[in-house]
Amino acid sequence: MKLNTFISENKSLIGLIILMAAVSFANANFLGVDNMLNILRQTSINAVIAMGMTFVIITAGIDLSVGSILAFAGAICASLIGMDTPLVIALLVTIIVGAGLGATSGVIISYFNVQPFIATLVGMTMIRGATLVYTQGRPISTGYFDVAESFYQFGAGYILGIPNPVILMIVIFALCWFILSQTRFGRHVYAIGGNENVARLSGINVKKVKILVYALSGALAALAGIILTARLESAQPTAGLGYELDAIAAVVLGGTSLAGGKGRIFGTIIGALIIGVLNNALNIMDVSSYYQMIAKGAVILLAVVVDSRGKSNA
Amino acid sequence: MTILLELQGIEKSFSGINVLKSVDLTIRAGRVVALAGENGAGKSTLMKIISGIYQRDAGTVVYNGKEVTFANARQSMDAGIGIIHQELNLLPELSVAENIYLGREPTKLGKIQWDVIESQSKKYLAQLKQDIDPKTPLGKLSIAQQQMVEIAKALSLNAEVIIMDEPTDALTDIETAVLFEVVDELRAQGKGLVFISHRLGEIFQMCDDIAILRDGEMVHQGPVAEITEDELIRHMVGRELSDQYPFVPATPGDVRIEVENLTAHGAKEISFSAHAGEVVGFAGLVGAGRTELAKAIFGENPIQSGTVKIDGKPIRLRSPQDGVKAQIGYVTEDRKQEGLVQSQELGTNMTLTGLDRFCNVLGFVNKASEAVTISEYIEAFAIKTRDANTIISNLSGGNQQKVSIAKSLVPEPKVLILDEPTRGVDVGAKREIYTLINKLKAEGLCILLISSDMPELLGISDRIHVLSSGKLTGSFDRDEATQENIMRCAVAGQTNG
Ligand SMILES: Nc1ncnc2c1ncn2[C@@H]1O[C@H](COP(=O)(O)OP(=O)(O)OP(=O)(O)O)[C@@H](O)[C@H]1O
Ligand SMILES: [Mg+2]
């Protein structure tokens, strides 16, 4: 009984463990500390985006614009650093820009009744366009001021041997977990996804909550953009292409329902790790990147099928 | 009399809890059997087992002399068993006709014959005296009209056995009378019917036999003629219940809510006021505009003109949020679409409107104090549930209704609007709700009660207003109000438009 519930509630975790066990059989180097940290670091960008996406998907929405916001925010941040802006200000401005872009989608969705898919698809196209215009299609270097070095450290440094992006991911995880499970805002997010009518008639300001949710998603996409830009010491205009799909995949692998109203932030982290482990495993096993895409798609499909079968039998 | 369907020794458990214990039931041709029992007694579960929605753990179902097991609702439907569900199972975005023929649309060369669907739908609706355009999106209809569509759907199946799980709980006397005429016809045609209702009067009026479930056990079966209402109640609840409408005269305080010349969609120039510590009832037929009025006062239905004052101060009502802020509580008539998030837990649903009570300035929820309040309400309302984490859709209908009422009370409102508060609630629990209304009234709450259950309205209101076609057509004090008076006003506006 108890074990059954545990298994059905933690399918993604069990999936991750099985995957890791399988890979470590195939390759002895896989389980090394270095490789583990490597996986965590590679996962952090997707995980940060996917945590924002989790909020959006719990409200029964979707955010396709995250990859473009990542690129735009990266470009803004790189030029700010290049202009010798103090680090904290550069980071804050970038995150606010991301939140603003997300909030704009939120406004379009809630005040103009545009479906999230369409609104953020438009956002994805326009923001990518704006990034290309702004960067003139060329990478923007973070320059040679001192601040560029501390910016690089922010994205590539370590604290107690743990890569900074991983620490950031953990902090964001704790924050998101707290918001979703311990605050009024979190309750409202779930209620809106469960039944928007009921939420409205319960006196919830549905429009405001939705705008905040897309703003959060935008802010976290911008943070991901900062991490990426810092590591590369430059912003690429084509950065983040297709990242929205990896984020959505992580959320869904983590057991959050695209229909809304259900989901856990912990699941999303696991989902992101599954994708990260898979990427890493295929790399260290020297699978060509063409086959990697097929393999990744197949695993996601398998996970989702297992999950939905479990649901209909319950 | 031929036996159409016979159940023997039916057992059913949900996650280890036994909700049906060796239940027998016989459905005969040309007879209506009433299935009675408290909320959560297992009535709907038993019916869902007949119709293949749930699978029995043990026991046999014999249909037309053959043992059957239906794997899903489609199979039972094809075999000639129609069910009208307690919780409406219609799709609000589709048209009335599409809903009636959903999943079995007649086709010709692969093309759906819309004209047939629409004319047939119209025919069945006409049989129920409903003048509804089959092309209307279902969501645009009132709950009562939706219920009539659900009934039309069952008729269109041409089933041998028709199960009606609380078909009347959303209907007023007029539609109920129409439904009963149809039931009479079906009985004359030799169909076997099961009728579930918490309005006991209807059982005596309509049914031939009665079967009573208590806590999953069949405690009595026999002809309706051989049982009295008191005996029926005793079988249902296992003890005596006296005085169904306990009334305590009001000691009204100050004027709490004043509605002046309010016009909104479905309501025209309505004025009334209500005091702290009184229950003001609203009577009217389906479509009279009572729910529209309630929603206007709550901020959901945009006000076109007129004012609403609370404690003498005019309030702005642009959204339900304003209504909640003005300390108005509203229990919706439609708990599935508007009242509760069906897929989420009992506890989070109950505190959704009143969550502020448990939040600090930063919006952190104090789960411990929240849990205390939730369990207090579960106990006070005798909500039948394993714990506060049960998913709403797994509760019986009546228990969902109790959660819905508790939800509106958590924010501690000054004015409480109850829209059909005892829909689907059993006798015992109804009485508990009336007692609760009296208690809240004594504490100074101002209660506006919308109900289609006339004895209930007469039984617990201090005053009654009657609406017809969106207008206020009559007002009565408790001692002047009679069923005839009210009915006269309720149809008054209808004839002169
Ligand atoms: N899918 C389910 N999962 C878990 N428990 C369930 C499920 N369906 C019903 N139950 C439980 O079974 C019991 C019987 O429920 P049922 O809906 O049959 O009651 P009922 O007699 O129809 O009540 P009401 O008059 O309130 O409609 C209840 O305690 C209910 O919580
Ligand atoms: Mg029921």
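**Entry 1: the contact between the chains**

I began with the contact, to which chain A brings 20 residues and chain B brings 27 residues. The model is a predicted one, and I keep that in mind for every entry below. The size of an interface is often given as the accessible area lost when the parts come together, so I looked that up next. About 2100 Å² is buried between chain A and chain B, with carbon and sulfur atoms giving 55% of this area. On the chain A part, I noted A:Arg184, A:Arg187 and A:Leu201, which supply 35% of the area that chain A buries against chain B. No other three residues supply more.

**Entry 2: pairs across the interface**

Side chains of opposite charge can pair when their charged atoms come close. I looked for such pairs and found a count of 3 salt bridges between chain A and chain B. I wrote down A:Arg200 and B:Glu300, whose side chains meet in a salt bridge at 2.4 Å, N to O. For polar contacts across the interface of chain A and chain B, I have 11 residue pairs, both residues at pLDDT 80 or more.

Which helices of chain A supply at least two residues each to the side that touches chain B? I found helix 8 (164-182), helix 9 (184-194) and helix 10 (196-201). Helix 9 of chain A gives the most to that side, with 5 residues. By class, I sorted the side of chain A that touches chain B into 6 nonpolar, 10 polar and 4 charged residues.

**Entry 3: the second largest pocket**

I then turned to the second largest pocket, which holds about 650 Å³ of space. Its lining has 35 residues. Nearest its centre I found A:Ser202 and A:Gly203 from chain A, along with B:Val324, B:Thr353 and B:Asp356 from chain B.

I checked which elements supply at least two residues each to this lining. From chain A they are helix 9 and helix 11 (206-232). From chain B they are helix 10 (320-325), strand 18 (328-331), helix 11 (335-339) and helix 14 (397-409). Strand 18 of chain B has the largest share of the lining of the second largest pocket, 4 residues. I also have helix 9 of chain A noted from the interface, where it gives the most to the side of chain A that touches chain B. The pocket lining divides into 14 nonpolar, 13 polar and 8 charged residues.

**Entry 4: salt bridges over all chains**

I counted 26 salt bridges over all chains. One that I looked up is B:Arg31 with B:Asp209, where the closest N and O atoms are 2.8 Å apart. This pair links distant parts of the chain, 178 residues apart. B:Arg31 is in the loop between strand 2 (17-28) and strand 3 (32-37) of chain B, and B:Asp209 is in strand 11 (residues 209-214) of chain B.

**Entry 5: cavities**

Last, I looked for cavities of 30 Å³ or more and found 9. The largest cavity has a volume of about 140 Å³. Of its 13 lining residues, I noted B:Leu88, B:Gln146, B:Asp334, B:Lys336 and B:Gln337 as lying nearest its centre. Helix 5 (143-156) and helix 11 of chain B are the elements that give two or more residues to this lining. Helix 11 of chain B gives the most, with 3 residues. I sorted the lining of the largest cavity into 5 nonpolar, 3 polar and 5 charged residues.

Definitions and conventions
Residues are numbered from 1 along each chain as its sequence is written. Chains are lettered from A and ligands numbered from 1 in the order in which they are written. This is a predicted model: local features need pLDDT of at least 70, side-chain atom pairs count only at pLDDT 80 or more; totals for chains, interfaces and linings use all residues. Side-chain values use heavy atoms; hydrogens and water are left out. Contact means heavy atoms within 4.5 Å. Buried area is the accessible area (1.4 Å probe) that two parts lose on being put together, summed over both. A salt bridge is a side-chain nitrogen of Lys or Arg within 4 Å of a carboxyl oxygen of Asp or Glu. A polar contact is a pair of N or O atoms within 3.5 Å; within protein, one must be able to donate a hydrogen and the other to accept it, and residues adjacent in sequence count only if both atoms are side-chain atoms. Ala, Val, Leu, Ile, Met, Phe, Trp, Tyr, Cys and Pro count as nonpolar, Asp, Glu, Lys and Arg as charged, and the others, Gly among them, as polar. On a 1 Å grid over the protein atoms alone, a cavity is a set of points where a 1.4 Å probe fits but cannot get out, and a pocket is an open set with protein on both sides within 12 Å along at least five of seven lines; lining residues have an atom within 4 Å of a point. Grid points are joined across faces, edges and corners, and a volume is the space filled by probe spheres set on the points.
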